[in-house]
Amino acid sequence: MIRPVAALLLLTALNSFAQTPPKPYGALPAPRQVAWHETEVYGIMHFTPTTFENKEWGFGDADPKTFNPSDFNAEQIILAAKAGGLKGIVLVAKHHDGFALWPTKTTDYNISKSPFRGGKGDLVKEVADAARKHGLKFGVYCSPWDRNNAKYGTPEYLQIYREQLKELYTNYGELFMSWHDGANGGDGYYGGAKEKRSIDNTTYYQWDSTWTNLTRKLQPSANIFSDIGWDVRWAGNEDGSVNETSWATLTPKPSEGKNVAVPGQANATENPGGTRNGKFWIPAECDVPLRKGWFYHPTEKPKTPEKLFDLYLKSVGRGAALDLGLAPDTRGQLHDDDVAALKSFGDHLKQTFATNLAARASSKAVNVRGYNSIYSAKNLLDSKPETYWATDDDFKTPEVIIDLGQPAVFDMISIQEYIKLGQRIEEFAVDAWQGDQWKEICKGTSIGAKRLVKLEIPVTSSKLRLRITKSPVSVAISEFGVYKDSE
């Protein structure tokens, strides 16, 4: 017989367990990274004198007067991006040519020396204001390589570059990204020297102190992007996709023959898939130009809406993000072809994911953590990212049945882990009730922030079963969705 006091202690212990969430697994995302995952699709905009030279990379010798858009319209660009489903814009405030799109105090090679707005313009401010006006997040890229600056390659240039970052960090509001690449010197104008300059990029830029003392202090909400993170990694290509198995964690590795991993000197072979059980949470960004090149060229055409949707599935649908390169023309606007492609892509996204066919379904799991409704499988269908279905610690390969109530036609399945507890699941499968038995319709590996599976042919079924077939720990899944592609 259990005495009353002992019974009370036992009940208290059981209730305590029932309220205890699963232990986090592996590296975890910071709040700014969670917000980045929710952004999903954004753009990066290239617009400098290079646009007017019809080049991809400017040499750094273009006269500032070259930059003279006939009708720059930041709102036209932002509204086209928003229609395309983009939720943010990263502006290339200074590309490798060294021309600054804001009236910087660090160099005369800037927009105030151009005819733009009579020398009184600030294109960074115009884009930032337009983005925020229409609900898009704003970020900046300032190239570390400067083909115009006479001091590039000397210690003095590092201070100039850092001051440029400081101006961008302090004068244009909160940033969602500070974008950096591995451009590390080469031939350039360099104030008239017209020569090739090489630097040791493992030491020259001193990224650790730059990011610690500037980015983290002045823009704590900004996600740092580069080959190696710190917050978001390059996908290892400019194709707009990551591997089908893609982990949000990464252990950065130096390039062969190097002793430190830095932007431009990192083992990109691991970036498309990440590192299972990697040391840091550094998810992938899939950057890809809307056209062939990053800058506007009149002979090029934008990617088709169908191609863009396919890239969405291979980036966002694999736990990464899609970063589309936007290139204004010499007017300072997106070409009508680009606007149309973005609109069709955005409509495709909106229409496909407008209705979750499982939103009103019922769910039944083989196990719910501590028999507590807080972790109920109903959480899979509530469209609330903060709730999730969780299992007891010893239930690592559970299953849940989603009863739609009536037959539905679908060809898209969406699964999202509760990533605040880490990326846990390694393999899964989905079955559909066909006739009088279950039939497997898809299987996969990594899930993470979001996993989208496009079925080869539509399926008609009234019930589905999600099976977790491999996981080192108990599961924590926030959302499950079933959709019909609107194509």
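Let's start in a loop: glutamine 206 sits between strand S6 (195-198) and helix H7 (207-218). Keep in mind as you look around that this is a predicted model. What is the phi of glutamine 206? The value is positive, about 50 degrees, although this residue is not a glycine. That's worth a glance, because most residues other than glycine have a negative phi.

Further along the chain there's a second backbone oddity. The peptide bond running from glycine 229 to tryptophan 230 is cis, and its omega is near 20 degrees. For context, most peptide bonds are trans. To find the spot on your screen, look in the loop that links strand S7 (223-226) with strand S8 (232-234), where tryptophan 230 is located.

Now zoom out. The domain assignment splits the chain into domain 1, covering 31-353, and domain 2, covering 362-483. Their contact draws on 20 residues from domain 1 and 18 residues from domain 2. If you take the C-alpha centres of the two domains, they are 36 Å apart.

How much area do domain 1 and domain 2 bury between them? It comes to about 1,600 Å², with 59% of that on carbon and sulfur atoms. On the domain 1 side, the residues that lose the most area to domain 2 are Arg276, Trp281 and Phe353, which together account for 29% of what that side buries.

There's polar chemistry across this boundary too. Three salt bridges are counted between domain 1 and domain 2, and eleven residue pairs are in polar contact across the interface, both partners at pLDDT 80 or more. On the side of domain 1 that touches domain 2, the elements giving two or more residues are helix H2 (31-39) and helix H8 (305-315). Of the elements there, H8 gives the most, with three residues. Sort that side's residues by type and you get nine nonpolar, seven polar and four charged.

Arg276 deserves another look: its side chain meets that of glutamate 426 in a salt bridge, at 2.9 Å from N to O.

What does the UniProt record say about this part of the chain? An unreviewed entry lists residues 360-470 as "domain: F5/8 type C". Over residues 360-470 the model has 0% helix and 55% strand, and the end C-alpha atoms lie 28 Å apart.

Finally, consider salt bridges over the whole structure, where a search finds 27. One to pull up is the pair formed by the side chains of glutamate 75 and lysine 133, at 3.0 Å from N to O. Which parts does this pair tie together? Glutamate 75 belongs to helix H4 (residues 74-83) and lysine 133 to helix H5 (residues 123-133), so the bridge links parts 58 residues apart in sequence.

Terms used. Residues are numbered from 1 along each chain as its sequence is written. This is a predicted model: local features need pLDDT of at least 70, side-chain atom pairs count only at pLDDT 80 or more; totals for chains, interfaces and linings use all residues. Side-chain values use heavy atoms; hydrogens and water are left out. Domain bounds come from an automatic or database domain assignment. Contact means heavy atoms within 4.5 Å. Buried area is the accessible area (1.4 Å probe) that two parts lose on being put together, summed over both. A salt bridge is a side-chain nitrogen of Lys or Arg within 4 Å of a carboxyl oxygen of Asp or Glu. A polar contact is a pair of N or O atoms within 3.5 Å; within protein, one must be able to donate a hydrogen and the other to accept it, and residues adjacent in sequence count only if both atoms are side-chain atoms. Helices (H or I, at least four residues) and strands (E, at least two) are DSSP runs, numbered from the N terminus. Ala, Val, Leu, Ile, Met, Phe, Trp, Tyr, Cys and Pro count as nonpolar, Asp, Glu, Lys and Arg as charged, and the others, Gly among them, as polar. UniProt positions are given in the numbering used here, feature names are shortened, and annotations may be inferred rather than shown by experiment.
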